[in-house]
Amino acid sequence: MKRDEVLVEGVRSISTKVEGKAARARSGSRAAQVAVTFSGGVVGLLDARDAREKTWAEVLGSLRATRQPAYVEVDSKTRRIKNLLLPYRSVVLDLRETSRAGDLQVELEQSHAAHFLLRQSEKFEEFRALLENARRSRQAVLLTDSLDGSSIIDVRPTT
Amino acid sequence: MAAVSLTRAQQLFALCNSRICCPCSTPGSCIPFLYPDDGCWARAHEMCRLMIAEGATPAKVWISGGLRVNSSNKPDCVVVWYWHVAPTLQVTVGGSPQMYVIDPSLFNEPVPLATWMGVQGNPSATLVHTTVDQYGFGGGTDPTYSQTHIDLTTYRNRLRLRSVGADGPPPYTNCVVKPGGTQWFGLIEGNQTLRWFTWGWPARAHVLWNIMALTPCPGAPQLKWSVAVERYNATDCTYWITVNNLSADRVRLAGRYNILSW
């Protein structure tokens, strides 16, 4: 079984495909599929009839306009976008253990919030190493928090 | 910084707070006060712009050093900051000037500096006062507000994504103690109609029902409701409350009652 593709990339283009008359008659509704092409060439799909996905399409449009990256999970089989988050692109200022079960607290130059890398994360060691390297080199990373802001779910170097 | 009256400070606070973002739609010029996690420097700069345009002379106060603030606008009910900033005004109280802070992300009115500092979880935090010109914690300026615009857009987008996601829009009712007279908290999708029922009410009591939107979204009515009653035995009844979301945005709500007589 193929897993979801996880991308942290800019948005190259967004196009909306509106169903023709015949297709509309078959489905009984006016479906609008939004195709989002990311900078690496991967295409993700959204259904503009769905309130959440319509919002995602608008946010992706905003990211494209401001040339900011998106964190997206794309279903490898259906090409549907399953998750959208906004990564930080920032230098790491500090990295320290919290008193809570060995979790790490991360300070970014572009944020006044504390970001938490939880010890229970599957990629704890990988992300910690990336953050350590970034702190030492003052090279910016792309860091993505969970939607509720409680934990870091992705870290990758900037290219 | 010229001192203003408390009434004037309240007006300026209301001016800033009137720009609060509807969490699910975040129209262009709004300020994302309901995303307390991050972006305070852009909110502060935009609030200063608004107040200066009204003839006021605000400044800024920066607080730093391990801050931890309870907030019902974050799903896990707490924000942890390295630092935070908000606009200040000199307010004449009892004939002498006092510094008040304008921070709708934390308060519903202007508050004295000590009150603002007092909720940030670190009595030994460091305070630094600057002019309005300083944009970021590390310095820099944004006289044209172009960076402010970019940063506010980022945090509006973060607020939108959270609000249309599994946690829904703020406030998060797991963070608050249910007030007396509140029967339930609910969430209703945009343009949706939902019906709740509540049973075991004494039929002899005169009960009034009221639905209150908890998610702020200024500009238009959000909810309307109707109440139906079912007398299911000699003494008790069930109320059926139908709520209609008039807006396109998700709204968190409270179902409230008042017993007028028994």
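## A walk through chains A and B

Start by selecting residues 51-66 of chain A: this is helix α2, with 16 residues, and from its first C-alpha to its last it reaches 23 Å, close to the 22 Å expected at 1.5 Å a residue. Keep in mind as you go that this is a predicted model. Now show the side chains of the helix. The buried residues of α2(A) are A:Thr55, A:Trp56, A:Ala57, A:Val59, A:Leu60 and A:Leu63. Step just past the end of α2(A) and you meet A:Arg67, where phi is positive, near 55 degrees.

**Into the core.** Stay with A:Leu60 for a moment. Which residues does A:Leu60 touch, leaving out those up to four places away in sequence? Select A:Val11, A:Ile14, A:Val36, A:Ala70 and A:Leu84 to see them. A:Leu60 and A:Leu84 are also the residues with the most contacts inside the largest nonpolar core, which has 85 residues. The element that gives the most to this core is β3(B), with eight residues. For a second, separate core, move to chain B and pick out B:Ile188, B:Ile211, B:Val243 and B:Val251, which are among its six residues. As background, nonpolar side chains in soluble globular proteins tend to be buried together.

**The two domains of chain A.** Colour residues 5-85 as domain 1 and residues 88-157 as domain 2. The C-alpha centres of these two domains of chain A lie 28 Å apart. Where they touch, five residues of domain 1 meet six residues of domain 2. On the domain 1 side of that contact there are five nonpolar residues, no polar ones and no charged ones.

While in domain 1, stop at A:Arg79, in the loop between β5 (70-74) and β6 (81-85) of chain A. A:Arg79 is not a glycine, yet its phi is positive, about 70 degrees. Is A:Arg79 buried or partly exposed? A:Arg79 counts as partly exposed because it has 15 C-beta neighbours inside 10 Å, and a buried residue would need 20 or more.

**Where the chains meet.** Next, select the contact between the chains, which takes 26 residues from chain B and 18 residues from chain A. On the chain B side, β3 (78-93) and α4 (146-164) each supply at least two residues. The largest share of that side, nine residues, comes from α4(B). Colour the chain B side by type and you will find eleven nonpolar, six polar and nine charged residues.

**Around chain B.** Zoom out to see all of chain B, whose C-alpha trace spans about 70 × 40 × 35 Å along its principal axes. Its secondary structure comes to four helices and 14 strands, and 39% of its 262 residues are buried.

Now go to B:Cys77, in the loop between β2 (59-70) and β3 of chain B. Like A:Arg79, B:Cys77 has a positive phi, near 70 degrees, without being a glycine. With 14 C-beta neighbours inside 10 Å, B:Cys77 counts as partly exposed.

Your last two selections sit between α4 and β9 of chain B. In that loop lies B:Pro171, and the peptide bond leading to it from B:Pro170 is cis, with omega near 0 degrees. Finish at B:Gly181, also in the loop between α4 and β9 (182-188). B:Gly181 is exposed, with 12 other C-beta atoms within 10 Å. Beyond its neighbours within four places in sequence, B:Gly181 is in contact with B:Arg256, B:Tyr257 and B:Asn258.

Notes. Residues are numbered from 1 along each chain as its sequence is written. Chains are lettered from A and ligands numbered from 1 in the order in which they are written. This is a predicted model: local features need pLDDT of at least 70, side-chain atom pairs count only at pLDDT 80 or more; totals for chains, interfaces and linings use all residues. The expected span of a helix is 1.5 Å times one less than its number of residues. Two residues are in contact if their C-beta atoms, placed from the backbone, lie within 7 Å. Ala, Val, Leu, Ile, Met, Phe, Trp, Tyr, Cys and Pro count as nonpolar, Asp, Glu, Lys and Arg as charged, and the others, Gly among them, as polar. Domain bounds come from an automatic or database domain assignment. A nonpolar core is a set of buried Ala, Val, Leu, Ile, Met, Phe, Trp, Tyr and Cys residues joined through C-beta atoms within 7 Å.
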